[in-house]
Amino acid sequence: DGPVIIVGAGHGGYQVAASLRQAGFSQRICLINDEAHLPYQRPPLSKAYIKGSAGPESLMFRPEKFYQDQKIELIAGRAVSIDRSGRKVQLASGETLAYGHLVLATGARNRLLDLPNANLPDVKYLRILDESEALRQIMPSKTRAVIIGAGFIGLEFAATARIKGLEVDVLELAPRVMARAVTAEVSEYFQARHREAGIRIHLGVQATSIEAEGGKVTGVSLSDGRHLPADLVVVGVGVLPNIELAAEAGLPVAAGIIVDEYLATADPDISAIGDCALFASPRFGGSLRLESVQNATDHARCLAARLTGDKKPYDGHPWFWSDQGDDKLQIAGLTTGYDRVVLRGDPAKKAFSAFCYHGDKLLGIESINRAGDHMFGRRLQGMDRSITPEQAADESFDLKSALA
Ligand code: FAD
């Protein structure tokens, strides 16, 4: 009972507020927003937004009127502490807000590069709209970008920078791109595609220093002794979940704010969702912290349902996408722990899926330019069904028959 105060107005925070109203929640809802924009979608920041010329309003979930009509109070500011016994949250401005339930949807922040010169203006990160906007503004005056980290964001940006005519080098410490997230087959496909586009990918290397002259970046030195000229450095070396607010309030944290399968923290009046939450997952056995729109949005819906009387454990089916140049990667399921990969389709034709199995159990599907396989994977998982590796590999096997 009482107001719901939501800290963080990203994908998760926005969705809790919207879903609460949709479910008929009639008490006060405050959405604490520490970014100077209406709540917006993050994925385009490294994709369409950076490529195009559309203004920030093209990213907004909803216009301002929506929040007024729905009586969702957008409060500009940053939450700095939680008084659990008094059930109040304090903002940097000194203002305090009383809660019946507190939702921590604080997301994650860029992992910063710990090198000299890493704080120069030509060294950029890509997490929030202001950073994407800043990159978009300076790109036309730049000729050579070095991207540190070949994860999704680094590669999405690399592809765009190349399309915009920049020389692009990508550095990656692992032996293949997106190594933590996708199979070797998919890494190899993207390495080849990016190289075809003229992007130089350097694997198994680290940036050891950023050189600059007069405050302007001139290049990056690598652990193998090479030196790459650059007038722009973009860092995509992962994120750190924003757990400090919870930790300082005495809530258990580890690699995220620890929540149970209902997304509740150790304090029944406080929940955590999205990128910041390390949640118990009966389906996957153990604790998970995921960084995806699906995860943040489905967490938000599950929590809004609980707060309006429909208590169910969170049991979402993970899915994800990444657009890199002309290729669309879509992932259905969680592929960690696979021991067998079966390809359907043909990488040479730029359309294939990697079906990932542990034994005979289908864990997930990574699809490249095969939206049909991706949708199939999501529907199959929703039905808790599987197909055999032999069926997956056999293009004459009709996937739809497995859904009937
Ligand atoms: P966020 O969206 O990060 O929102 C958290 C908000 O809380 C932020 O605005 C933060 O500033 C604010 N905040 C933190 N602390 C406080 C505080 N104390 N007080 C007030 N506010 C606070 N996912 C996909 O599925 N597909 C994609 O293609 C994809 N592309 C991406 C591209 C980029 C460039 C980035 C950065 C992410 C991408 N993601 C993608 C990941 C996805 O955007 C995140 O998983 C999602 O935004 C998580 O939502 P969230 O609400 O947990 O956190």
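Trainee: Which domains does the domain assignment of the protein chain give?
Mentor: This is a predicted model. Two of the domains are single segments, 112-237 and 326-403, while one joins 4-109 with 240-307. The assignment thus reads domain 1 (4-109 + 240-307), domain 2 (112-237) and domain 3 (326-403).

Trainee: What separates the centres of domain 1 and domain 3?
Mentor: The centres are taken over C-alpha atoms. On that basis the separation is 32 Å.

Trainee: How many residues surround the ligand, and from which domains does the shell draw at least three residues each?
Mentor: The closest residues are Asp34, Glu35, Lys47, Arg127 and Asp275. In total, 31 residues surround the ligand. At least three come from each of domain 1 and domain 2.

Trainee: Which helices and strands each supply at least two residues of the shell?
Mentor: Two helices and a strand qualify. They are α1 (11-22), α8 (293-307) and β22 (319-324).

Trainee: How many charged residues does the shell have?
Mentor: Sort the shell by class. Nonpolar residues number 12 and polar ones 11. The charged count is 8.

Trainee: Where do polar side-chain atoms of Glu35 and Asp275 lie relative to oxygen atoms of the ligand?
Mentor: Take Glu35: a polar side-chain atom sits 2.5 Å from a ligand oxygen. For Asp275, the corresponding distance to an oxygen atom of the ligand is 2.7 Å.

Trainee: What share of the ligand's accessible area does the protein cover?
Mentor: On its own, the ligand has 990 Å² of accessible area. The protein's cover of that area is 95%.

Definitions and conventions:
Residues are numbered from 1 along each chain as its sequence is written. This is a predicted model: local features need pLDDT of at least 70, side-chain atom pairs count only at pLDDT 80 or more; totals for chains, interfaces and linings use all residues. Side-chain values use heavy atoms; hydrogens and water are left out. A residue is near a molecule or strand if one of its heavy atoms lies within 4 Å of it. A polar contact is a pair of N or O atoms within 3.5 Å; within protein, one must be able to donate a hydrogen and the other to accept it, and residues adjacent in sequence count only if both atoms are side-chain atoms. Accessible areas come from the Shrake-Rupley method with a 1.4 Å probe; for residues, only the protein chains shown count as cover. Helices (H or I, at least four residues) and strands (E, at least two) are DSSP runs, numbered from the N terminus. Ala, Val, Leu, Ile, Met, Phe, Trp, Tyr, Cys and Pro count as nonpolar, Asp, Glu, Lys and Arg as charged, and the others, Gly among them, as polar. Domain bounds come from an automatic or database domain assignment.
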